[in-house]
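Please open the model in a viewer and keep the selection panel at hand. The stops below are taken in turn, each beginning with what to select.

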Amino acid sequence: MSPLRRGKATLGVGAGIVIAAALAGLWIKGRSQHGEMPNVLVVTCDTFRADRLSLYGASRKTTPYLEELAKESVVFDAFFANSSFTPPSHASILTGTHVRTHGLLWWDHKLSGSVKTLGERLGTPLPTPEKPQPNEGVGYRTGAFVNLPNFETMGVSRGFQKLSVATWLPGREATRNFFAWLDDPKDMRRWCSWIHYWDPHRPFAYREWQWLDPKKSPAEIAAMPPREKQRTLDLLETSKRPPFSFHEETFGTHELGVGRMEQHYNRSGDLQRKSPLFIPTASASRPFTEADDRYLADRYDGGALEMDEVLRELVEGLRTRGELDNTLLIITSDHGETFTERADEWWTHDPHLYDEVTRVPCLIRFPQKQHGGARVTALSSSVDLLPTIYEVLGLKDSELQGSSLVARIGAASNGPVAAVYSQTQNRKEFLEDPAREKGPDNPGTWRTVGTKISIRTATHRLIFDRDAKSFELYDLRTDPGATRNLHSAPPSQVEQELSSRLLEWFKGLPAGAGTEAALDDAALETLRKNGYLR
Ligand SMILES: [Zn+2]
(Lines give C-alpha, C1' and ligand atoms only; values in the text may rest on other atoms or scores of the structure.)
Protein backbone atom coordinates (compact mmCIF):
# COMPACT_ATOMS: atom_id res chain seq x y z
CA MET A 1 0.00 0.00 0.00
CA SER A 2 1.23 3.46 -0.80
CA PRO A 3 2.15 5.64 2.14
CA LEU A 4 0.17 8.33 0.40
CA ARG A 5 -3.51 8.31 1.03
CA ARG A 6 -4.61 8.90 -2.55
CA GLY A 7 -4.87 6.68 -5.57
CA LYS A 8 -3.04 7.31 -8.81
CA ALA A 9 -6.08 8.84 -10.42
CA THR A 10 -5.81 11.97 -8.30
CA LEU A 11 -2.12 12.53 -9.03
CA GLY A 12 -2.53 13.83 -12.53
CA VAL A 13 -0.51 17.04 -12.47
CA GLY A 14 3.23 17.33 -12.23
CA ALA A 15 3.19 19.83 -9.38
CA GLY A 16 0.94 17.52 -7.41
CA ILE A 17 3.39 14.68 -7.81
CA VAL A 18 6.27 16.83 -6.58
CA ILE A 19 4.32 17.92 -3.52
CA ALA A 20 3.12 14.39 -2.94
CA ALA A 21 6.66 13.07 -3.12
CA ALA A 22 7.78 15.62 -0.54
CA LEU A 23 4.97 14.64 1.79
CA ALA A 24 5.65 10.97 1.20
CA GLY A 25 8.89 11.54 3.04
CA LEU A 26 6.95 12.72 6.06
CA TRP A 27 4.78 9.66 5.86
CA ILE A 28 7.68 7.29 5.82
CA LYS A 29 8.65 8.79 9.18
CA GLY A 30 5.11 8.32 10.40
CA ARG A 31 4.99 4.75 9.23
CA SER A 32 8.24 3.76 10.87
CA GLN A 33 6.71 4.45 14.26
CA HIS A 34 3.04 3.64 13.75
CA GLY A 35 2.81 1.35 10.73
CA GLU A 36 0.06 1.83 8.17
CA MET A 37 -2.55 4.10 9.67
CA PRO A 38 -5.87 4.68 7.94
CA ASN A 39 -7.74 7.94 7.59
CA VAL A 40 -10.38 8.48 10.26
CA LEU A 41 -13.85 9.88 9.63
CA VAL A 42 -16.35 10.31 12.46
CA VAL A 43 -19.84 11.26 11.28
CA THR A 44 -22.43 12.37 13.82
CA CYS A 45 -25.99 12.63 12.54
CA ASP A 46 -27.71 14.81 15.11
CA THR A 47 -30.97 13.35 16.52
CA PHE A 48 -30.79 10.03 14.61
CA ARG A 49 -33.01 7.70 16.65
CA ALA A 50 -32.03 4.05 16.16
CA ASP A 51 -35.46 2.44 16.25
CA ARG A 52 -36.81 4.75 13.52
CA LEU A 53 -34.20 3.48 11.09
CA SER A 54 -34.80 0.49 8.82
CA LEU A 55 -31.15 -0.40 9.53
CA TYR A 56 -32.45 -1.32 12.98
CA GLY A 57 -35.68 -2.95 11.87
CA ALA A 58 -38.08 -0.04 11.40
CA SER A 59 -40.73 -1.12 8.88
CA ARG A 60 -40.62 2.14 6.98
CA LYS A 61 -37.66 2.18 4.62
CA THR A 62 -35.87 5.17 6.13
CA THR A 63 -32.24 4.08 5.66
CA PRO A 64 -31.90 2.01 2.48
CA TYR A 65 -28.33 3.15 1.96
CA LEU A 66 -27.16 2.29 5.47
CA GLU A 67 -28.60 -1.19 4.96
CA GLU A 68 -26.41 -1.52 1.86
CA LEU A 69 -23.38 -0.13 3.66
CA ALA A 70 -23.95 -2.56 6.55
CA LYS A 71 -22.89 -5.43 4.29
CA GLU A 72 -19.33 -4.10 4.34
CA SER A 73 -19.45 -2.68 7.87
CA VAL A 74 -20.12 -3.69 11.47
CA VAL A 75 -23.43 -2.60 12.99
CA PHE A 76 -23.74 -2.25 16.76
CA ASP A 77 -27.28 -3.11 17.79
CA ALA A 78 -27.15 -2.07 21.45
CA PHE A 79 -25.23 1.17 21.16
CA PHE A 80 -26.02 4.07 23.48
CA ALA A 81 -25.05 7.73 23.66
CA ASN A 82 -23.53 8.85 26.97
CA SER A 83 -25.85 11.84 27.05
CA SER A 84 -29.11 12.91 25.41
CA PHE A 85 -27.91 16.49 25.05
CA THR A 86 -25.97 17.59 21.98
CA PRO A 87 -22.84 19.21 23.48
CA PRO A 88 -22.00 16.66 26.21
CA SER A 89 -22.82 13.71 24.00
CA HIS A 90 -20.52 14.96 21.25
CA ALA A 91 -17.84 15.68 23.82
CA SER A 92 -18.00 12.04 24.96
CA ILE A 93 -17.70 10.82 21.36
CA LEU A 94 -14.72 13.07 20.67
CA THR A 95 -12.84 12.73 23.97
CA GLY A 96 -13.60 9.14 25.01
CA THR A 97 -14.65 10.36 28.46
CA HIS A 98 -17.92 10.58 30.36
CA VAL A 99 -19.72 13.86 31.00
CA ARG A 100 -18.50 14.22 34.58
CA THR A 101 -14.92 14.07 33.36
CA HIS A 102 -15.09 16.25 30.26
CA GLY A 103 -17.16 18.68 32.30
CA LEU A 104 -19.53 19.96 29.64
CA LEU A 105 -23.15 19.82 30.73
CA TRP A 106 -24.79 23.11 29.83
CA TRP A 107 -24.54 25.87 27.26
CA ASP A 108 -22.27 28.02 29.39
CA HIS A 109 -19.85 25.20 30.12
CA LYS A 110 -16.56 24.59 28.42
CA LEU A 111 -14.76 21.37 27.74
CA SER A 112 -12.28 20.62 30.48
CA GLY A 113 -8.69 21.43 29.59
CA SER A 114 -7.62 18.10 31.05
CA VAL A 115 -9.21 16.04 28.27
CA LYS A 116 -8.08 15.84 24.68
CA THR A 117 -10.29 15.77 21.61
CA LEU A 118 -9.83 13.55 18.58
CA GLY A 119 -8.53 16.58 16.67
CA GLU A 120 -5.95 17.34 19.34
CA ARG A 121 -4.90 13.72 19.57
CA LEU A 122 -4.35 13.00 15.89
CA GLY A 123 -3.55 16.45 14.60
CA THR A 124 -0.42 17.35 16.50
CA PRO A 125 2.90 17.23 14.67
CA LEU A 126 4.64 14.07 13.64
CA PRO A 127 7.25 12.79 16.06
CA THR A 128 10.82 13.65 15.10
CA PRO A 129 14.12 12.38 16.52
CA GLU A 130 14.59 15.74 18.25
CA LYS A 131 11.07 15.80 19.68
CA PRO A 132 9.78 12.24 20.00
CA GLN A 133 6.36 12.93 21.64
CA PRO A 134 5.30 9.26 21.73
CA ASN A 135 1.54 8.95 21.22
CA GLU A 136 1.17 12.69 21.52
CA GLY A 137 0.02 13.05 17.98
CA VAL A 138 0.55 11.42 14.67
CA GLY A 139 0.52 14.27 12.21
CA TYR A 140 -2.86 13.81 10.63
CA ARG A 141 -4.42 16.56 8.67
CA THR A 142 -7.57 17.33 10.66
CA GLY A 143 -10.84 19.05 9.80
CA ALA A 144 -14.16 19.49 11.60
CA PHE A 145 -17.36 20.43 9.75
CA VAL A 146 -20.01 21.32 12.31
CA ASN A 147 -23.55 22.60 12.18
CA LEU A 148 -23.77 24.25 15.58
CA PRO A 149 -21.64 27.36 16.21
CA ASN A 150 -21.45 26.70 19.92
CA PHE A 151 -19.31 23.63 19.44
CA GLU A 152 -16.47 26.06 18.88
CA THR A 153 -17.25 28.24 21.91
CA MET A 154 -17.67 25.21 24.13
CA GLY A 155 -14.41 23.66 22.99
CA VAL A 156 -15.90 20.53 21.43
CA SER A 157 -14.17 21.20 18.09
CA ARG A 158 -10.92 22.08 19.83
CA GLY A 159 -7.74 21.03 18.08
CA PHE A 160 -9.04 20.51 14.54
CA GLN A 161 -6.77 22.42 12.17
CA LYS A 162 -9.59 23.24 9.78
CA LEU A 163 -12.89 24.26 11.33
CA SER A 164 -15.97 24.89 9.20
CA VAL A 165 -18.80 26.24 11.35
CA ALA A 166 -22.34 26.57 10.05
CA THR A 167 -25.85 26.77 11.45
CA TRP A 168 -28.29 24.10 10.32
CA LEU A 169 -26.68 23.69 6.94
CA PRO A 170 -28.36 21.09 4.70
CA GLY A 171 -26.25 17.94 4.71
CA ARG A 172 -25.37 18.04 1.05
CA GLU A 173 -23.76 21.44 1.51
CA ALA A 174 -21.80 20.24 4.54
CA THR A 175 -20.55 17.32 2.44
CA ARG A 176 -19.49 19.70 -0.32
CA ASN A 177 -17.47 21.70 2.22
CA PHE A 178 -15.84 18.52 3.46
CA PHE A 179 -14.83 17.39 -0.02
CA ALA A 180 -13.56 20.85 -0.93
CA TRP A 181 -11.17 20.49 2.02
CA LEU A 182 -10.30 16.88 1.31
CA ASP A 183 -9.61 17.50 -2.37
CA ASP A 184 -6.97 20.15 -1.72
CA PRO A 185 -4.13 18.97 -3.97
CA LYS A 186 -1.56 20.79 -1.85
CA ASP A 187 -2.03 18.57 1.18
CA MET A 188 -1.75 14.83 0.68
CA ARG A 189 -1.33 13.83 4.31
CA ARG A 190 -3.51 11.22 5.87
CA TRP A 191 -6.54 12.86 7.37
CA CYS A 192 -8.93 12.74 10.29
CA SER A 193 -12.27 14.47 10.10
CA TRP A 194 -15.46 14.97 12.05
CA ILE A 195 -18.64 15.87 10.17
CA HIS A 196 -21.69 16.88 12.19
CA TYR A 197 -24.92 16.70 10.17
CA TRP A 198 -28.13 18.34 11.24
CA ASP A 199 -30.67 16.86 8.82
CA PRO A 200 -32.77 14.67 11.19
CA HIS A 201 -33.08 17.42 13.85
CA ARG A 202 -36.18 19.56 14.44
CA PRO A 203 -38.02 20.95 12.62
CA PHE A 204 -37.67 17.59 10.89
CA ALA A 205 -37.20 17.34 7.15
CA TYR A 206 -37.31 21.10 6.97
CA ARG A 207 -35.05 21.10 3.99
CA GLU A 208 -38.01 19.91 2.00
CA TRP A 209 -39.37 23.39 2.35
CA GLN A 210 -36.77 24.49 -0.09
CA TRP A 211 -38.83 22.63 -2.65
CA LEU A 212 -42.20 23.28 -1.13
CA ASP A 213 -42.58 26.99 -0.87
CA PRO A 214 -46.37 27.46 -0.95
CA LYS A 215 -45.90 30.27 -3.42
CA LYS A 216 -44.47 27.87 -5.96
CA SER A 217 -46.63 27.35 -9.01
CA PRO A 218 -47.78 23.84 -10.03
CA ALA A 219 -45.31 24.04 -12.90
CA GLU A 220 -42.45 24.76 -10.47
CA ILE A 221 -43.53 21.90 -8.24
CA ALA A 222 -43.64 19.65 -11.27
CA ALA A 223 -40.07 20.70 -12.05
CA MET A 224 -38.76 19.44 -8.70
CA PRO A 225 -35.79 17.07 -8.96
CA PRO A 226 -36.99 13.63 -9.99
CA ARG A 227 -35.07 12.01 -7.13
CA GLU A 228 -37.13 13.89 -4.55
CA LYS A 229 -40.32 12.65 -6.12
CA GLN A 230 -39.12 9.13 -6.73
CA ARG A 231 -37.98 8.64 -3.16
CA THR A 232 -41.40 9.61 -1.93
CA LEU A 233 -43.21 7.31 -4.32
CA ASP A 234 -40.91 4.41 -3.44
CA LEU A 235 -41.73 4.90 0.19
CA LEU A 236 -45.43 4.91 -0.45
CA GLU A 237 -45.12 1.51 -2.06
CA THR A 238 -43.10 -0.02 0.75
CA SER A 239 -45.02 1.43 3.67
CA LYS A 240 -48.49 0.69 4.97
CA ARG A 241 -48.44 3.77 7.13
CA PRO A 242 -49.71 7.17 6.03
CA PRO A 243 -47.53 8.89 3.48
CA PHE A 244 -44.54 11.01 4.29
CA SER A 245 -44.94 14.67 4.89
CA PHE A 246 -43.21 15.35 1.63
CA HIS A 247 -45.95 13.62 -0.26
CA GLU A 248 -48.70 15.17 1.81
CA GLU A 249 -47.39 18.62 1.28
CA THR A 250 -46.86 18.09 -2.39
CA PHE A 251 -50.42 16.98 -2.85
CA GLY A 252 -51.96 19.22 -0.24
CA THR A 253 -53.39 16.96 2.44
CA HIS A 254 -51.95 18.78 5.42
CA GLU A 255 -51.68 22.39 6.46
CA LEU A 256 -48.41 23.88 5.44
CA GLY A 257 -48.05 25.73 8.73
CA VAL A 258 -47.73 22.61 10.88
CA GLY A 259 -44.22 21.64 11.78
CA ARG A 260 -42.63 24.57 10.12
CA MET A 261 -41.75 26.42 13.29
CA GLU A 262 -39.78 25.23 16.29
CA GLN A 263 -42.57 26.24 18.66
CA HIS A 264 -44.77 23.48 17.31
CA TYR A 265 -42.43 21.10 19.09
CA ASN A 266 -41.07 20.93 22.63
CA ARG A 267 -44.49 20.39 24.11
CA SER A 268 -43.32 20.63 27.69
CA GLY A 269 -45.80 21.36 30.45
CA ASP A 270 -43.95 24.56 30.99
CA LEU A 271 -44.38 25.76 27.45
CA GLN A 272 -47.97 24.60 27.21
CA ARG A 273 -48.99 26.54 30.29
CA LYS A 274 -47.54 29.71 28.87
CA SER A 275 -48.59 29.41 25.29
CA PRO A 276 -50.98 26.61 24.37
CA LEU A 277 -50.09 25.20 21.04
CA PHE A 278 -52.25 26.54 18.29
CA ILE A 279 -51.70 26.11 14.62
CA PRO A 280 -52.13 29.26 12.57
CA THR A 281 -54.42 28.65 9.62
CA ALA A 282 -55.59 30.82 6.78
CA SER A 283 -58.63 32.11 8.69
CA ALA A 284 -57.83 31.72 12.42
CA SER A 285 -56.06 29.05 14.45
CA ARG A 286 -56.81 25.62 15.84
CA PRO A 287 -55.39 23.43 18.62
CA PHE A 288 -52.69 20.88 18.02
CA THR A 289 -54.12 17.39 17.43
CA GLU A 290 -52.99 13.78 17.41
CA ALA A 291 -53.00 13.93 13.63
CA ASP A 292 -50.44 16.71 13.86
CA ASP A 293 -48.27 14.50 16.03
CA ARG A 294 -48.44 11.72 13.46
CA TYR A 295 -47.56 14.24 10.85
CA LEU A 296 -44.50 15.37 12.81
CA ALA A 297 -43.42 11.73 13.15
CA ASP A 298 -43.75 11.44 9.37
CA ARG A 299 -41.62 14.50 8.99
CA TYR A 300 -39.03 12.96 11.31
CA ASP A 301 -38.85 9.87 9.10
CA GLY A 302 -38.51 12.11 6.08
CA GLY A 303 -35.51 13.77 7.72
CA ALA A 304 -34.00 10.34 8.46
CA LEU A 305 -34.38 9.39 4.81
CA GLU A 306 -32.78 12.65 3.79
CA MET A 307 -29.89 11.87 6.14
CA ASP A 308 -29.50 8.45 4.55
CA GLU A 309 -29.26 10.03 1.11
CA VAL A 310 -26.67 12.52 2.36
CA LEU A 311 -24.63 9.63 3.78
CA ARG A 312 -24.81 7.87 0.45
CA GLU A 313 -23.27 10.89 -1.28
CA LEU A 314 -20.58 11.16 1.38
CA VAL A 315 -19.51 7.52 1.46
CA GLU A 316 -19.77 6.93 -2.28
CA GLY A 317 -17.83 10.17 -2.80
CA LEU A 318 -15.02 8.68 -0.73
CA ARG A 319 -15.23 5.44 -2.68
CA THR A 320 -14.99 7.28 -6.01
CA ARG A 321 -11.91 9.11 -4.77
CA GLY A 322 -10.23 5.84 -3.76
CA GLU A 323 -10.29 6.92 -0.11
CA LEU A 324 -12.86 4.59 1.40
CA ASP A 325 -10.91 1.38 1.81
CA ASN A 326 -8.15 3.10 3.73
CA THR A 327 -10.53 4.94 6.03
CA LEU A 328 -11.92 3.99 9.41
CA LEU A 329 -15.48 5.30 9.04
CA ILE A 330 -17.78 5.69 12.04
CA ILE A 331 -21.40 6.76 11.59
CA THR A 332 -23.31 7.46 14.79
CA SER A 333 -25.49 10.04 16.55
CA ASP A 334 -25.47 12.16 19.69
CA HIS A 335 -29.00 11.15 20.78
CA GLY A 336 -32.41 10.06 19.53
CA GLU A 337 -35.69 11.92 20.01
CA THR A 338 -38.71 11.65 22.27
CA PHE A 339 -41.91 11.79 20.23
CA THR A 340 -45.00 11.50 22.41
CA GLU A 341 -43.76 8.76 24.74
CA ARG A 342 -43.38 10.99 27.81
CA ALA A 343 -46.19 13.04 29.26
CA ASP A 344 -44.12 15.95 30.47
CA GLU A 345 -42.16 16.92 27.41
CA TRP A 346 -42.54 15.87 23.77
CA TRP A 347 -40.57 16.32 20.57
CA THR A 348 -37.29 16.83 22.32
CA HIS A 349 -34.40 14.80 23.71
CA ASP A 350 -32.22 16.36 26.36
CA PRO A 351 -34.49 16.20 29.45
CA HIS A 352 -34.75 12.41 29.25
CA LEU A 353 -32.49 9.37 29.49
CA TYR A 354 -34.79 6.63 28.17
CA ASP A 355 -33.91 4.39 25.23
CA GLU A 356 -35.68 6.55 22.65
CA VAL A 357 -33.17 9.33 23.29
CA THR A 358 -30.06 7.33 24.22
CA ARG A 359 -30.10 4.36 21.84
CA VAL A 360 -28.45 5.55 18.65
CA PRO A 361 -27.08 3.96 15.51
CA CYS A 362 -23.45 2.94 15.29
CA LEU A 363 -22.06 1.62 12.04
CA ILE A 364 -18.32 1.20 11.63
CA ARG A 365 -16.75 0.48 8.29
CA PHE A 366 -13.27 -0.75 9.05
CA PRO A 367 -10.49 -0.34 6.46
CA GLN A 368 -10.68 -2.93 3.67
CA LYS A 369 -14.20 -3.88 4.84
CA GLN A 370 -12.81 -5.92 7.73
CA HIS A 371 -15.53 -7.79 9.67
CA GLY A 372 -18.01 -6.66 6.98
CA GLY A 373 -21.59 -7.75 7.60
CA ALA A 374 -21.19 -8.40 11.34
CA ARG A 375 -23.87 -7.35 13.84
CA VAL A 376 -22.88 -6.86 17.45
CA THR A 377 -25.46 -7.23 20.21
CA ALA A 378 -23.11 -6.52 23.12
CA LEU A 379 -23.84 -3.27 24.99
CA SER A 380 -21.59 -0.40 23.99
CA SER A 381 -21.58 3.39 24.12
CA SER A 382 -20.03 6.53 22.67
CA VAL A 383 -16.99 6.53 24.98
CA ASP A 384 -15.95 3.28 23.30
CA LEU A 385 -15.39 4.98 19.94
CA LEU A 386 -12.11 6.75 20.63
CA PRO A 387 -10.56 3.57 22.14
CA THR A 388 -11.69 1.77 18.97
CA ILE A 389 -9.97 4.38 16.80
CA TYR A 390 -6.88 4.05 18.96
CA GLU A 391 -6.80 0.28 18.63
CA VAL A 392 -7.13 0.41 14.85
CA LEU A 393 -4.34 3.01 14.69
CA GLY A 394 -2.14 1.03 17.08
CA LEU A 395 -2.14 3.75 19.73
CA LYS A 396 -2.72 3.50 23.48
CA ASP A 397 -4.04 5.84 26.15
CA SER A 398 -5.03 4.62 29.59
CA GLU A 399 -7.07 7.76 30.31
CA LEU A 400 -9.80 6.81 27.85
CA GLN A 401 -12.86 5.65 29.79
CA GLY A 402 -14.42 3.28 27.29
CA SER A 403 -12.94 0.21 25.69
CA SER A 404 -12.36 -0.77 22.08
CA LEU A 405 -15.33 -2.25 20.27
CA VAL A 406 -13.12 -4.54 18.19
CA ALA A 407 -13.10 -7.22 20.89
CA ARG A 408 -16.91 -7.25 20.91
CA ILE A 409 -17.18 -8.21 17.24
CA GLY A 410 -18.19 -11.86 17.11
CA ALA A 411 -18.86 -12.04 20.86
CA ALA A 412 -22.38 -13.08 21.86
CA SER A 413 -22.48 -10.51 24.66
CA ASN A 414 -20.15 -8.61 26.91
CA GLY A 415 -21.35 -10.38 30.02
CA PRO A 416 -24.42 -10.32 32.25
CA VAL A 417 -23.15 -7.41 34.35
CA ALA A 418 -22.25 -5.19 31.40
CA ALA A 419 -23.81 -1.76 31.52
CA VAL A 420 -23.75 1.60 29.77
CA TYR A 421 -24.09 4.95 31.51
CA SER A 422 -25.43 8.33 30.56
CA GLN A 423 -25.91 11.78 32.04
CA THR A 424 -27.91 14.84 31.13
CA GLN A 425 -28.84 18.18 32.63
CA ASN A 426 -32.04 18.70 34.59
CA ARG A 427 -33.38 21.41 32.37
CA LYS A 428 -36.99 20.98 33.41
CA GLU A 429 -36.45 22.04 36.98
CA PHE A 430 -34.23 24.79 35.74
CA LEU A 431 -36.76 26.25 33.31
CA GLU A 432 -39.64 26.07 35.73
CA ASP A 433 -37.88 28.19 38.33
CA PRO A 434 -38.75 31.81 37.42
CA ALA A 435 -35.70 33.13 39.21
CA ARG A 436 -33.47 31.03 37.04
CA GLU A 437 -35.11 32.19 33.85
CA LYS A 438 -33.20 35.40 34.22
CA GLY A 439 -30.11 33.35 33.56
CA PRO A 440 -28.95 34.83 30.26
CA ASP A 441 -28.51 38.22 31.94
CA ASN A 442 -26.76 36.66 34.88
CA PRO A 443 -24.51 33.84 33.74
CA GLY A 444 -23.82 32.71 37.29
CA THR A 445 -27.30 31.27 37.66
CA TRP A 446 -26.81 28.97 34.69
CA ARG A 447 -24.28 27.03 36.68
CA THR A 448 -26.95 25.72 38.97
CA VAL A 449 -28.43 23.45 36.35
CA GLY A 450 -29.07 20.02 37.81
CA THR A 451 -28.20 16.59 36.51
CA LYS A 452 -29.65 13.16 35.93
CA ILE A 453 -27.64 9.97 35.56
CA SER A 454 -28.63 6.53 34.37
CA ILE A 455 -27.39 2.94 34.18
CA ARG A 456 -28.68 0.65 31.42
CA THR A 457 -28.06 -3.10 31.45
CA ALA A 458 -29.36 -5.72 29.02
CA THR A 459 -32.48 -6.05 31.17
CA HIS A 460 -33.03 -2.88 33.20
CA ARG A 461 -32.73 0.88 33.22
CA LEU A 462 -32.36 2.93 36.39
CA ILE A 463 -32.43 6.75 36.34
CA PHE A 464 -31.40 8.91 39.27
CA ASP A 465 -32.36 12.58 39.44
CA ARG A 466 -29.63 14.00 41.65
CA ASP A 467 -31.59 17.14 42.54
CA ALA A 468 -34.96 15.60 43.28
CA LYS A 469 -33.17 12.57 44.80
CA SER A 470 -35.64 10.37 42.98
CA PHE A 471 -35.18 7.04 41.22
CA GLU A 472 -36.94 5.44 38.27
CA LEU A 473 -36.51 1.72 37.59
CA TYR A 474 -37.71 -0.15 34.51
CA ASP A 475 -37.62 -3.83 33.65
CA LEU A 476 -37.04 -3.73 29.90
CA ARG A 477 -37.78 -7.43 29.45
CA THR A 478 -41.47 -6.88 30.19
CA ASP A 479 -41.62 -3.14 29.57
CA PRO A 480 -39.32 -2.24 26.67
CA GLY A 481 -40.83 1.24 26.39
CA ALA A 482 -40.00 2.03 30.04
CA THR A 483 -43.52 3.09 30.96
CA ARG A 484 -43.94 1.45 34.40
CA ASN A 485 -41.69 2.84 37.08
CA LEU A 486 -40.87 -0.03 39.49
CA HIS A 487 -39.15 2.16 42.05
CA SER A 488 -40.24 1.12 45.54
CA ALA A 489 -39.49 1.94 49.15
CA PRO A 490 -37.69 0.09 50.47
CA PRO A 491 -35.98 -0.57 47.16
CA SER A 492 -36.00 -4.03 45.62
CA GLN A 493 -32.79 -6.00 45.42
CA VAL A 494 -32.29 -5.14 41.77
CA GLU A 495 -32.85 -1.45 42.46
CA GLN A 496 -30.35 -1.52 45.32
CA GLU A 497 -27.78 -3.23 43.18
CA LEU A 498 -28.23 -0.92 40.19
CA SER A 499 -28.31 2.25 42.27
CA SER A 500 -25.10 1.36 44.05
CA ARG A 501 -23.41 0.55 40.73
CA LEU A 502 -24.63 3.83 39.25
CA LEU A 503 -23.43 5.94 42.16
CA GLU A 504 -20.10 4.12 42.34
CA TRP A 505 -19.57 4.71 38.65
CA PHE A 506 -20.34 8.40 39.02
CA LYS A 507 -18.19 8.95 42.10
CA GLY A 508 -15.34 7.01 40.54
CA LEU A 509 -15.03 9.31 37.55
CA PRO A 510 -12.47 12.09 37.74
CA ALA A 511 -14.41 15.36 37.80
CA GLY A 512 -13.40 17.66 34.96
CA ALA A 513 -12.10 21.12 35.65
CA GLY A 514 -13.03 24.28 33.79
CA THR A 515 -16.72 23.54 33.59
CA GLU A 516 -17.89 26.97 34.60
CA ALA A 517 -16.42 29.18 31.94
CA ALA A 518 -19.33 31.47 31.13
CA LEU A 519 -20.17 32.13 27.52
CA ASP A 520 -19.79 35.66 26.29
CA ASP A 521 -22.76 37.79 25.23
CA ALA A 522 -22.33 36.95 21.55
CA ALA A 523 -22.46 33.23 22.25
CA LEU A 524 -25.56 33.59 24.41
CA GLU A 525 -27.21 35.69 21.72
CA THR A 526 -26.50 32.97 19.14
CA LEU A 527 -28.17 30.43 21.41
CA ARG A 528 -31.20 32.65 21.92
CA LYS A 529 -31.50 33.33 18.21
CA ASN A 530 -31.49 29.63 17.47
CA GLY A 531 -34.17 28.90 20.05
CA TYR A 532 -32.04 27.22 22.71
CA LEU A 533 -32.48 29.90 25.34
CA ARG A 534 -35.46 32.07 26.05
ZN1 LIG B 1 -28.03 16.81 19.15
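How many bridges join strand S3 to S4, and do these strands run parallel or antiparallel? Select residues 141–146 for strand S3: four bridges join it to S4, and the two run parallel. Strands, like helices, are DSSP runs numbered from the N terminus (helices: H or I, at least four residues; strands: E, at least two). Two strands count as paired if DSSP finds at least two bridges between them. To see one bridge, pick Gly 143 and its partner in S4, Lys 162.

Before proceeding, note that this is a predicted model, in which local features need pLDDT of at least 70, side-chain atom pairs count only at pLDDT 80 or more, and totals for chains, interfaces and linings use all residues. Residues are numbered from 1 along each chain as its sequence is written.

**The eight-stranded sheet**

Widen the selection to the open sheet of eight strands, whose order is S4-S3-S5-S1-S8-S9-S2-S10, with mixed pairing. Strand S4 (162–165) and strand S10 (375–381) stand at the edges with a single partner strand each, so one side of each has no neighbour in the sheet. From one strand to the next, the twist averages 15°.

Next select residues 171–182, helix H7, which lies across S3, S4 and strand S5 (191–197) and runs at about 165° to S5. Contact here requires C-beta atoms, placed from the backbone, within 7 Å; angles, from 0 to 180 degrees, are taken between N-to-C directions of axes fitted to C-alpha atoms, for helices over the stretch in contact. Then move to helix H12 (residues 290–320), lying across strand S1 (39–45), S5 and strand S8 (327–332), at about 175° to S8.

**The loop between S9 and S10**

Select Gln 368, in the loop between strand S9 (362–365) and S10. Gln 368 is not a glycine, yet its phi is positive, about 55°. His 371 lies in the loop between S9 and S10 and has a positive phi of about 60°, although it is not a glycine.

**The four-stranded sheet**

Now display the open sheet with the order S11-S12-S13-S14 and antiparallel pairing. Its edge strands, S11 (420–426) and S14 (470–475), each pair on one side only. Seven bridges join S11 to strand S12 (residues 450–456); pick Gln 423 to find its bridge partner in S12, Ile 453. Helix H17 (residues 493–508) lies across S11, S12, strand S13 (460–465) and S14, at about 60° to S13.

Finish at Pro 490, in the loop between S14 and H17, where a cis peptide bond with omega of about 0° joins Ala 489 and Pro 490.

Methods. Two residues are in contact if their C-beta atoms, placed from the backbone, lie within 7 Å.
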